[in-house]
Amino acid sequence: MRALKVIEGPFRLLFAARAASALGDQLVPVALSFAVLDLTGSVGDLGLVLGARTAALIVFVLIGGVWADRLSRKHVMLSADAVRMLAQGASAALLLGGAARVWELVALQAAYGAAEGFFGPASIAIVPDTVPAAKLQEANALLGLTENAAAVLGPALAGVIVAVAGAGWGLAADGATFAVGIALLLPMRTGEAAAGGAARARAGMLTELRAGWHAFRARSWLWITVLFFTLYMGLVYAPYQVLGPQIARTSLGGAGAWAAISAALGVGAVGGGLIGLRWKPVHPLRATFLVFAVSGPALLLGLAVHAPLPALLAVAFLDGAASSVFNALWFTAQHAEIPPGELSRVSSWDYLGTLVLSPAGLAVTGPIALAIGFSATLYGAGALSFALTVAVLLVPAVRNFAPRARAGAAGQ
């Protein structure tokens, strides 16, 4: 109940706007996947459309991080939400009008991803401008739990919309969430520190990016863990994203089954988020990677063998919980180890490294699966998931990492 007292003043509007945006983001995987599959039936086309969004996000996230410090973060968020609203509205109109082509969806999702690259850094950096410093930890915890709750509700809502009205209406609903976000952000008044932003602007964009890179590279536990997720997202998670919907469509009952799996991931993430608020292992990376060694391969292998839906839901719950606990411990570790003045730039490199292989992974998964088979591709991804996790646990800098306690670090 104490955390609920944070939802007041400008944070109340930010909280509601972030909730609307998070819900919209969680509608996309289900609605867009079945929109493309209904349009062409090609997992290769699905990989291209999903990859376009991620590729644009990768290209623009570092620039978005710099500009979020130079301009009003509120205005950056408003502009990004406007672009995303128009992109999804246009996608919905094309699909509902029966005139959509794959290249048009690729272009519109690229615009969506570019705007997301600006929104993300701004929405994270603006939080300290909306609450007192003493309430930052509660504010960040509430935002995280809201995003996890959206991961539960969004896929379920998308599944209902797709099943009842069609995938085009799912994307229209996504566009509407960004209109809600804009309406909530417009009256928000914050105490943004313009002077700090001006000082950073005078340093130059390339100087800031290089400084962030040097700070990132100097910490072995940080860059090795990010390298793990670079490979994981491109070689393990991409096959799950592309092939999972098609297996659900042909073997598990359709969009509703895929929505249920996505919702189970979200329910697990909510539970993991609650655990992450209290659990403080001495070696946080070791603890979470040990869980990943089981949960990641199990979900992929379950899809490969076309396991019953209840079994897949149980494994998805475990995987979602593991991911959420990892995020809580990962960001806490960064807050403890990285000076506040370097944190946003280092986080941008973290974000970029995690996503950089995703577009290629999404693009090649379809052709590989068509060449060797869906199950073989998923077996390979599951084996890679286990091998990568074991490899990162063998690195002492990761396995033995123990963040230093620092007064006031939490929530910075």
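Biologist: Why does Arg 53 count as buried?

Modeller: Its relative accessibility is 15%, and a residue is called buried when that value is under 20%. Arg 53 therefore falls on the buried side of the cut-off. Keep in mind that this is a predicted model.

Biologist: And what makes Glu 116 buried?

Modeller: The reasoning is alike: Glu 116 has a relative accessible area of 14%, and the limit is 20%, so Glu 116 is buried.

Biologist: How do you know that Arg 53 and Glu 116 meet in a salt bridge?

Modeller: Look at the distance between their side chains: N to O, it is 3.2 Å. A salt bridge needs a Lys or Arg nitrogen within 4 Å of an Asp or Glu carboxyl oxygen, so this Arg and Glu qualify. The pair links distant parts of the chain, with Arg 53 in helix 2 (residues 43-70) and Glu 116 in helix 4 (residues 102-125), 63 residues apart.

Biologist: How many salt bridges are there in the whole structure?

Modeller: A search finds four. Another of them joins Arg 84 to Asp 25, whose closest N and O atoms are 3.6 Å apart. That value is again within 4 Å, so the name fits.

Biologist: Why does the pair of Arg 84 and Asp 25 tie parts together?

Modeller: Arg 84 sits in helix 3 (residues 73-96) and Asp 25 in helix 1 (residues 9-40), so their bridge ties together parts that are 59 residues apart in sequence. Both of these residues are buried.

Biologist: What makes Asp 81 and Arg 84 a salt bridge?

Modeller: Their side chains come to 2.8 Å, N to O, and the limit is 4 Å, so this pair passes as well. Asp 81 and Arg 84 both lie in helix 3, three residues apart, which is about one turn of the helix. Each of the two is buried. Here is the nice part: salt bridges with shared partners join Asp 25, Asp 81 and Arg 84 into one network.

Biologist: Let's turn to helix packing. How do you describe two packed helices?

Modeller: By the angle between their axes and the distance between the axes. Take helix 1 and helix 9 (residues 220-252): they pack at an angle of about 65°, and their axes are 10 Å apart.

Biologist: Why is helix 1 called roughly perpendicular to helix 9?

Modeller: Angles of 65 to 115 degrees count as roughly perpendicular, so with about 65° helix 1 gets that description relative to helix 9. Their crossing is right-handed. Helix 1 brings Ser 33, Phe 34, Leu 37 and Asp 38 to the contact, while helix 9 brings Pro 245, Gln 246 and Arg 249. Those residues divide into three nonpolar, two polar and two charged.

Biologist: What makes Gln 246 buried?

Modeller: Gln 246, in helix 9, has a relative accessible area of 12%. Buried means under 20%, so Gln 246 is buried. Not counting residues up to four places away in sequence, Gln 246 touches Leu 37, Val 43 and Phe 374.

Biologist: Where do the axes of helix 2 and helix 8 cross, in terms of angle, and how far apart do they come?

Modeller: The axes of helix 2 and helix 8 (residues 205-217) cross at roughly 115° and come within 11 Å. Helix 2 passes helix 8 in a right-handed crossing. Leu 62, Ile 63, Val 66, Trp 67 and Arg 70 of helix 2 make the contact with Met 205, Glu 208 and Leu 209 of helix 8. Sorted by type, these are six nonpolar, no polar and two charged residues.

Biologist: Why does Ser 358 count as buried?

Modeller: Its relative accessibility is 4%, and the cut-off is 20%, so Ser 358 is buried. Ser 358 belongs to helix 14 (residues 358-372). Leaving aside neighbours within four places in sequence, Ser 358 is in contact with Thr 54, Met 233 and Gly 234.

Biologist: And how do you know that Val 346 is buried?

Modeller: Val 346 has a relative accessible area of 0%, which is under 20%, so the word applies. Val 346 lies in helix 13 (residues 340-355), and its contacts include Gly 212, Phe 216 and Leu 222.

Biologist: How much of the protein chain is buried?

Modeller: Of its 412 residues, 53% are buried. The secondary structure of the chain comes to 16 helices and zero strands.

Terms used
Residues numbered from 1 in each chain as written. Predicted model: local features only at pLDDT ≥ 70, side-chain atom pairs only at ≥ 80, totals over all residues. Heavy atoms only, no water. Helix = DSSP H or I, 4+ residues; strand = E, 2+ residues; numbered from the N terminus. Buried < 20%, exposed > 50% of the residue type's maximum accessible area, 1.4 Å probe, protein only. Contact = heavy atoms within 4.5 Å. Axes fitted to C-alpha atoms, helices over the stretch in contact; angles between N-to-C directions. Parallel < 35°, antiparallel > 145°, perpendicular 65-115°, else oblique. Left-handed = near helix turned anticlockwise from the far one by under 90°. Nonpolar A, V, L, I, M, F, W, Y, C, P; charged D, E, K, R; others polar.
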